[in-house]
Amino acid sequence: MTTSSQIPPKKVHLVLGSGGARGLCHIGVIRYLEANGFEISEITGCSMGALIGGIYAAGKLDDYQQWVTSISKLDAIKYLDLSLNFKSGVIKGDKLMQQLGNWIKDEKIQTLSIPFTAVSADLKSQSEVWINKGPLLEAIRASISVPGIFTPVTKNNKILVDGGILNPLPIPPKSLEKDQITIAVSLSGRRLNQPLGESEALSQTSKAQDSDIESNTKLQLAWQKLNTFFQSDSAEPYSSNENPLSISEIMMSMFNTMQDTLTRYQIAGTPPDILVEIPTNICNSHDFHRANELIPAGEYWAKKAIEEQEHLLHEVTL
């Protein structure tokens with residue numbers, strides 16, 4: 001069997017899907033592609049996929065990876081920036097955007113070295129908005145604004161929220177370029193017993209950093225609040241003996257069920273040349289402190305998918 005390192009170099013239109021902290025696996029996928037002769041020539045991303053894809057297109061993924069692999073639960077709480085009034089969203093996101101702004105500053109999408117599109121949704125027109133020009137930071141902010149969680153972006157008479165409500169895996173039509181293939185990374189893969197891959201090693205760094213939370217009652221309460229809001233997104237199926245779900249749990253379950261279903265329809269209707277699937281139970285949506293586990297997992301699932309589907313790469317050029 002031909003190994004992935006023997007596959008002829010190809011240009012890749014990389015499609016990065018929506019899925020909260022699971023999107024840290026996108027970094028691992030990118031690292032695998034870089035190390036195995038693939039040239040990422042175009043990126044389309046939704047939500048966390050837009051964040052990772054936009055940072056990569058701006059040439060700042062090394063800086064982001066160094067930062068995200070160093071954060072603890074305490075940092076996650078700080079950067080998630082909980083809103084006090086909850087009127088338009090649980091999370092304001094200002095501190096996170098300030099941090100991203102340190103790297104991408106005033107970058108414009110149309111001047112990036114890699115063509116990039118962030119997918120958002122306009123609540124007023126109830127339609128997708130594909131953003132491929134203008135301020136990169138603003139496009140990312142619009143694409144990650146999960147309704148009810150992040151406050152939306154209001155611009156040009158539009159109310160822009162996470163594109164995942166309409167198209168969580170924005171696979172475009174087949175490229176007309178003969179030497180370009182589409183690789184899509186879905187964060188809605190089926191649940192597995194070993195979602196991190198065969199290693200399944202827990203991050204000792206993450207476990208050690210938990211003490212920052214455990215020693216502080218206020219931080220414990222903040223983390224419990226996040227867990228209460230997000231806990232249903234990767235939990236096991238509910239049993240009949242459990243207590244009734246809260247409104248927040250129901251909302252998150254509905255959002256994730258909707259995204260997973262839309263992703264399956266998208267893959268069936270517009271299949272990519274190569275599909276990388278990240279198990280949906282790999283982490284909770286707010287587990288941004290687990291990058292040291294999730295990035296290697298992304299590499300693992302990318303390697304597995306490409307080795308299993310590599311024959312399709314050769315068929316593309318026939």
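# Report on a predicted protein chain

Q259 is a residue of helix 10, which covers residues 247–269. The model described here is predicted. This report starts at Q259, moves to the strands, and then turns to the helices and a few loop residues.

## Q259 and its surroundings

Is Q259 buried or exposed? Its relative accessibility is 2%. Buried means under 20% relative accessible area, so Q259 counts as buried. The side chain of Q259 makes a polar contact of 2.7 Å with the side chain of S18. S18 is also one of the residues in contact with Q259 when neighbours within four places in sequence are left aside. The others in that list are D162, G164, P168 and S188.

## The chain as a whole

The protein chain contains eleven helices and ten strands. It has 318 residues, of which 56% are buried. Many contacts link parts of the chain that are far apart in sequence: among contacts between residues at least 6 apart, 77% join residues at least 24 apart.

One pair of residues gives an example of separation along the chain. T280 and G19 are 261 residues apart in sequence, and their C-alpha atoms are separated by 8.3 Å. T280 sits in the loop between strand 10 and helix 11, the latter being residues 291–316. With a relative accessibility of 7%, T280 counts as buried.

## Strands 1, 9 and 10

Strand 9 covers residues 180–189, and ten of its ten residues are buried. It pairs with two strands described here. Strand 1, residues 10–16, runs parallel to strand 9, and six bridges join them. Strand 10 also runs parallel to strand 9, with five bridges between them.

Single residues show how these pairings are arranged. L14 has I183 in strand 9 as its bridge partner. I183 in turn stands opposite I274 in strand 10. Further along, V185 has V276 in strand 10 as its bridge partner.

What is the setting of strand 10, residues 274–279? Five of its six residues are buried, so strand 10 is largely enclosed by the rest of the structure.

## Helices 1, 3, 5 and 6

Helix 1 runs from residue 25 to residue 35 and is mostly covered, with nine of its eleven residues buried. Those buried residues are C25, H26, I27, G28, V29, I30, R31, Y32 and L33. After helix 1 comes G37, which has a positive phi near 80°.

Helix 3 has a buried side and a side turned away from it. Its buried residues, within the stretch 61–68, are L61, Y64, Q65, W67 and V68. Viewed down the axis of helix 3, these buried residues fall within an arc of 165°, so they line one face of the helix. The face turned away from that buried side carries D62 and Q66, which are exposed.

Helix 5 and helix 6 pack against each other at an angle of about 145°, and their axes are 10 Å apart. Their crossing is right-handed. Which residues meet where these helices pack? From helix 5 they are M97, L100, G101 and I104, and from helix 6 they are L136, L137, I140 and R141.

Six of the eight residues of helix 6 are buried, so helix 6 is largely enclosed by the rest of the structure. The buried residues are L136, A139, I140, R141, A142 and S143.

## Two loop residues with positive phi

Most residues other than glycine have a negative phi. The table lists two residues other than glycine that have a positive value.

| Residue | Phi | Citation |
|---|---|---|
| S47 | near 60° | positive phi |
| K105 | near 45° | positive phi |

S47 lies in the loop between strand 2, residues 38–46, and helix 2, residues 48–57. K105 lies in the loop between helix 5, residues 94–104, and strand 4, residues 116–122.

Which of these loop residues is buried, and which is exposed? S47 has a relative accessible area of 5% and is buried. K105 has a relative accessibility of 55% and counts as exposed.

Definitions and conventions:
Residues numbered from 1 in each chain as written. Predicted model: local features only at pLDDT ≥ 70, side-chain atom pairs only at ≥ 80, totals over all residues. Heavy atoms only, no water. Buried < 20%, exposed > 50% of the residue type's maximum accessible area, 1.4 Å probe, protein only. Helix = DSSP H or I, 4+ residues; strand = E, 2+ residues; numbered from the N terminus. Arc of directions from axis to C-beta. Polar contact = N/O pair within 3.5 Å; in protein donor to acceptor, adjacent residues only side chain to side chain. Contact = heavy atoms within 4.5 Å. Pairing = 2+ DSSP bridges. Axes fitted to C-alpha atoms, helices over the stretch in contact; angles between N-to-C directions. Left-handed = near helix turned anticlockwise from the far one by under 90°.
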